[in-house]
Amino acid sequence: MTAMARIDSVTLSVINNALVNICREMGTAMMRTSYSPIFNEGLDFSCVIFNRRGDMIGQAEFCPTMLGSAQYAVSWTIEELGLESFKPGDVVVHNDPYRGQCHMPEHMVLRPVFFDGELWGFVANIAHVGEIGGMAPGSFAADATEVYQEGLRLPPVKLISRGEYVKDVWKIILSNHRTPKTSWGDLHAMIGSLGIAETRLTGLLERYGGTFLTEASDRLLQYSERWMREEIRAIPNGEYRASDCMEDDGVTDQPVWIRLRLVVRDDEVIADWTDSDPQAKGPVNATFVVTAAASYSGLLHVTSNDIPRNSGCYRPIRVVTKPGSVVNVRHPGPSVGGNTETHPHIQNVVVAALSQAIPDRTAAAEGASGCNFLFAGVHPATGEYYTNYHIDGSGWGGTAFHDGDSALCPENGNCRNTPVEVLETKFPWRTLEYRLRPDSGGPGKYRGGLGSSRILRVLAPEITVNALMDRTKTRAWGLFGGKEGGYGGIFVKKRGDTQFRRFSEAFGTVSDSKFTRVVLKEGDEVMIHSPGGGGYGPATERSSEAIAEDLRQGWISEKAAKDLYRHGRQRNRAARAKRGPRSGTGKR
Amino acid sequence: MKRNGGGFRCGIDTGGTFTDFVGVDEASGELVASKWPSSAENPVESIVGVVRQSGLPPDSIRFLILGTTVATNALLQRRGARVVYVTTKGFEDVLYIQRMNRRYHYSYEWTKPLPFVERRDCLGVQERVGPAGEVVAPLETNDMERLADMVAERLDGHGTQDSAIAVSLLFSYLNPAHEIRLKEFLQARFPGVAVSVSHEVAPIWREYERGSTVVADAFVKPLLHRYVHSVRTSLKRLGLRCPWAIMKSNGGHASASVAEGQPVNLLLSGQSGGIIGGRFFGNLAGDRNLITVDMGGTSCDVGVVQGGALSYITNYEVEWGLPISAPFVDLTAIGAGGGSIAWIDKGGFLRVGPQSAGAVPGPICYGRGGSEVTVTDANLVLGRLNPDYFLGGRMDLDPDRATEGLAGLGRRLGLEAVAAAEAVVEMANENMANAIRLVSIERGLDPRDFSLVAFGGAGPLHAGGVSEKMGMARILIPPYPGLCSAFGAALADYQVDKVWSTNYRSDSLDAGRVLGQLRDLESAACEELLAEGFSLAPEIRRSISMRYAGQNYEHDVPLGQGEPNAESIQQAFAEFHRLHEQLYGYSISGEVIELIRVNVTAIGRTRKPQLKAPPNGRAAQPRIRRPVCFSQGGFVDCPVYRRDELPARFALEGPAVVEEVDSTVLLHPGQTLRVSRHGVILIRA
């Protein structure tokens, strides 16, 4: 009797839970010990376990953005360094976007786990390190034209070798980051949590044995793959197309198009992106792994929530891209915004294509912008230099069954906002408002969610700001007659001004939504509007009760109720005529 | 009934199915117990019922402590007051924005949880305090007047009985002056309307978490007020003149009038008695490191006692994304009980719970129309439960129906009925083991250093399997396991927790200020105890919550016993480094430490009763023998004992079964059982 035959489904699900729990523990430790708000308030990290072949066999629900890419980052590391190079006590770091990473701020640390003297697998986490040098403080160089402006690039190298710090590498890293103390704290939080995961995984190995656990995790991979294939089989065969654009690339004021041909054939999906625009000059390029992760995520959004999340889920999905395009950046093209802005756009396009096949399981477009706002300066109270990465949530699209949520992290991430009280305790800003914007949700039978508005006033002599946003000139589309969500935007009111203006007007930036190194003075104010989500189904089909409730709570204005929803008038039934799936915001 | 001296100290536990009553004679240690069906609609009726049922004359009851689920249920069922929420202008949407994250990674089905207040009832008032506690914009009287007009409009048509006002202003945890003024103003303008303010309810940073907590408090306050009034009236009608109190989430109790003033502290009122009872019996058996498992019909609560002390957490979620911040005994509740349903997910995995068949229709074997396999059905098929002595013979179980059900489930798993039953029990045990991991391993504790205290109707049946999974060598089973929670309520101490947020650094510390704050909190806590009628010297525990400068989450570091001084703060810093090393595998010596919060707990210890010991005597004889299935061992012929026939110091080797009215103890092969001189059953693996 082989070990395989002894693994019953009860044991399998016990092992699956155990692997997920190890990843959760890893994440909790990181949250509690890290330094940057994007870590501990934002939870912008992922925790994973891999087998020695480089298959992801466990993960926990923190930030999904890195999960698809973890697959590639780990297998690249194994391939480049070779299995034999890993020794007990090693920690490898890696953020290279051309070697399977999603963009430079995302750092993976990985630790080999040995059992009975042999390499069994890896525990790893990928997290957003807030400042890694480069041309813009906060390392979101929205007008970068090459990777060298985006910060310090690290191919897979050892940070710790057999338990000893590789001091030369640490020195290089810490002397290239603007806030080395924070990097030091965050990297230690990441590495510390690997130790916890290693201990727990070793405990599991002692309980079940190495061979047994390998076979059990193989079974889990097969199980997820089988289930995913069943789910895909339920999607009608066909070829579905959709497209969307980035409004500009930060360097040239031109839209950049992403085009998808999605083929569903029995139990397989091919996401073919070859018709997308060539690589952009500015940093809205996605690495191949971002495009792959977004393609996977689109499918995961419309399939069962209960499938154990491992590499098996991805096996039935093939991703095709052309190197040197906006969906597969080639060295030395910049890519920092590809992971935060282009990533949700790509995923939205996948869902738009699927909406033609399975309308009830999909949603209209969401705001799809991280509203990345980076700032840096010297805190007047402490005299210390700081940088910070700040994000906002946008409106989600309506679905066949309910309105979209307001102010939610884009689909590619699952980060939290930074509380006003935390932000102001750490940085010299005063928040004047943090609220939802009425009428910013796309009208529809099921309304899009609202975007938010945040106004910040500078309380220091100077703060240097950078932004990387999208959907300030384009909008989140509606589905099946639903209307577009509200525009996002970032605006400035200099001290003494009476009105907010675009940064292009006030500071001559090329792009309204992507710029770096703008210096604000004490008393200046920044207003960040996150975009709203698209509506689902014609607004004229929205129930009067739902409209009345929206009015009552202040989610829509009287004017919108009258003009967009025809509330209180004879409903124009003809308005229903214009139905049918529509995807993308313009040309195909 | 003639009583000499004492009188009874009584506890009441309101469960989902039954309301339990336990009275302990403080002089003789005699125990009186009763059970009465719970009524979700009218919980006071069950209290009256269960007190009457006990047969105790009213004047023999000295003190009564109540564990109640009224506050929790009001939140879960969203049946509370209409709340108006007042906050700093510009931040009215914070309760709707929440934290921007989602429960699931990949789902279009999930939506954000709704706050306990409508958006239109979230009102802003002009004022602002900054991050150093400085007033940036004053709170003007005419703005308060305008606010009052808006509040009046929102509350129009709602009686004061159904209305409440919650106030949470930015940075009020550093400077509460504006909240204090608003509270006084609103109370004067809206007499009779409950007002909750955030610096009193939860003086913590993060505006969403604090706001969510104060709204929950206001939401249930009028209801709690009515509940307390109704209990008071009913107890009077029964002729009870004794003082009575309500269990709090922190495992202590507070007099009813204090408790109703801050109902957010009562969310675990109905659950925290269990761990107190478990700790009591653990201590009787000489164990101070305990993991308590309270498994009933629908759920299982797992808690930790370390060195005789409870662990606490400060966050509780009514549903995902709706946090409530208050002191809670660290209990992890999971949907694993006798009634938990076994099902097969889409991928073909067997799952157990969290859905429960409840008492009606109940498990298949109840024969009341239940058609879904439950944990109880599985235990019956394995011979672990006695079909003729369930609830002391008050209910007959039908093993044939259970076997049929398990066979059906087994067919879908490719297993025989018995193997399927084993799998169901195994999954239930695994779920419990996971809950134990959460409260132990995830907190840096090794469960093998702990004894497992198992109680509740189903706890003693599963303890053996669960302890095996966790490598725990010692199991304790209290007498009357089904009544342990009510017993715990009767034993609970007075406990007041006070916290205050600070913003100090170790490199520029004014120790005098920290010590001053500790003293202020201590006297506030002691005053509250005195007001409750506790006139002895309370036990004081002090701690400071710290983190490395730059980190965002803090750890409570206890200060040593005795009056603290500058030296004890330095010792606490050293202890923080050590704790960090222990929890995360590293520490950063020389790093600046931030002091985030000072905490003081005052405990008014109550006298613990001496329970009557079981008689010494002859060895007990098994009532019958029956075949019982243990994992992988097949059916083994087992002796079956009655617990009330086991004398002190009685010992037994497994496999065996010990039955009592409300529970069944399963002794696995290889385990040994001994009855302690206090009647606690000790099992060794």
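In which strand of chain B is Pro354(B) found? The legends below take up this and other local views of a predicted model.

**View 1. The cis peptide bond before Pro354(B) in strand S20 of chain B.** Pro354(B) belongs to strand S20, which covers residues 350-356 of chain B. The peptide bond that leads into this proline from Gly353(B) is cis, and its omega is near 0 degrees. Most peptide bonds are trans.

**View 2. The cis peptide bond before Pro655(B), in a loop of chain B.** Here the bond from Gly654(B) to Pro655(B) is cis, with an omega near 5 degrees. Pro655(B) sits in the loop that links strand S29 (651-653) to strand S30 (656-660) of chain B.

**View 3. Arg471(A), a residue with positive phi in chain A.** Although Arg471(A) is not a glycine, its phi is positive, at about 60 degrees. Most residues other than glycine have a negative phi. The residue Arg471(A) lies in the loop between strand S16 (462-468) and strand S17 (489-493) of chain A, and Arg471(A) is buried because 32 other C-beta atoms lie within 10 Å, where the cut-off for a buried residue is 20 or more.

**View 4. Met100(B), a residue with positive phi in chain B.** Met100(B), which is likewise a residue other than glycine, has a positive phi near 80 degrees. Met100(B) is found in the loop between H3 and strand S6 (122-125) of chain B, and Met100(B) counts as buried because 27 C-beta neighbours lie inside 10 Å.

**View 5. The hairpin of S16(B) and S17(B).** Strand S16 (residues 312-317) and strand S17 (residues 323-329) of chain B run antiparallel and are joined by 5 bridges. Within this pairing, Tyr312(B) of chain B stands opposite Val329(B) in S17(B). The hairpin has 5 residues between the strands, and Gly321(B) takes a positive phi near 95 degrees there.

**View 6. The contact between chain B and chain A.** The contact draws 50 residues from chain B and 64 residues from chain A. On the side of chain B that touches chain A, the elements giving two or more residues are helix H3 (94-97), helix H7 (207-237) and helix H12 (417-439) of chain B, and the largest share, 6 residues, comes from H12(B). Sorted by class, this side of chain B has 21 nonpolar, 13 polar and 16 charged residues.

How values were computed. Residues numbered from 1 in each chain as written. Chains lettered and ligands numbered in written order. Predicted model: local features only at pLDDT ≥ 70, side-chain atom pairs only at ≥ 80, totals over all residues. Contact = placed C-beta atoms within 7 Å. Helix = DSSP H or I, 4+ residues; strand = E, 2+ residues; numbered from the N terminus. Nonpolar A, V, L, I, M, F, W, Y, C, P; charged D, E, K, R; others polar. Buried ≥ 20, exposed ≤ 12 C-beta atoms within 10 Å, placed from the backbone. Pairing = 2+ DSSP bridges.
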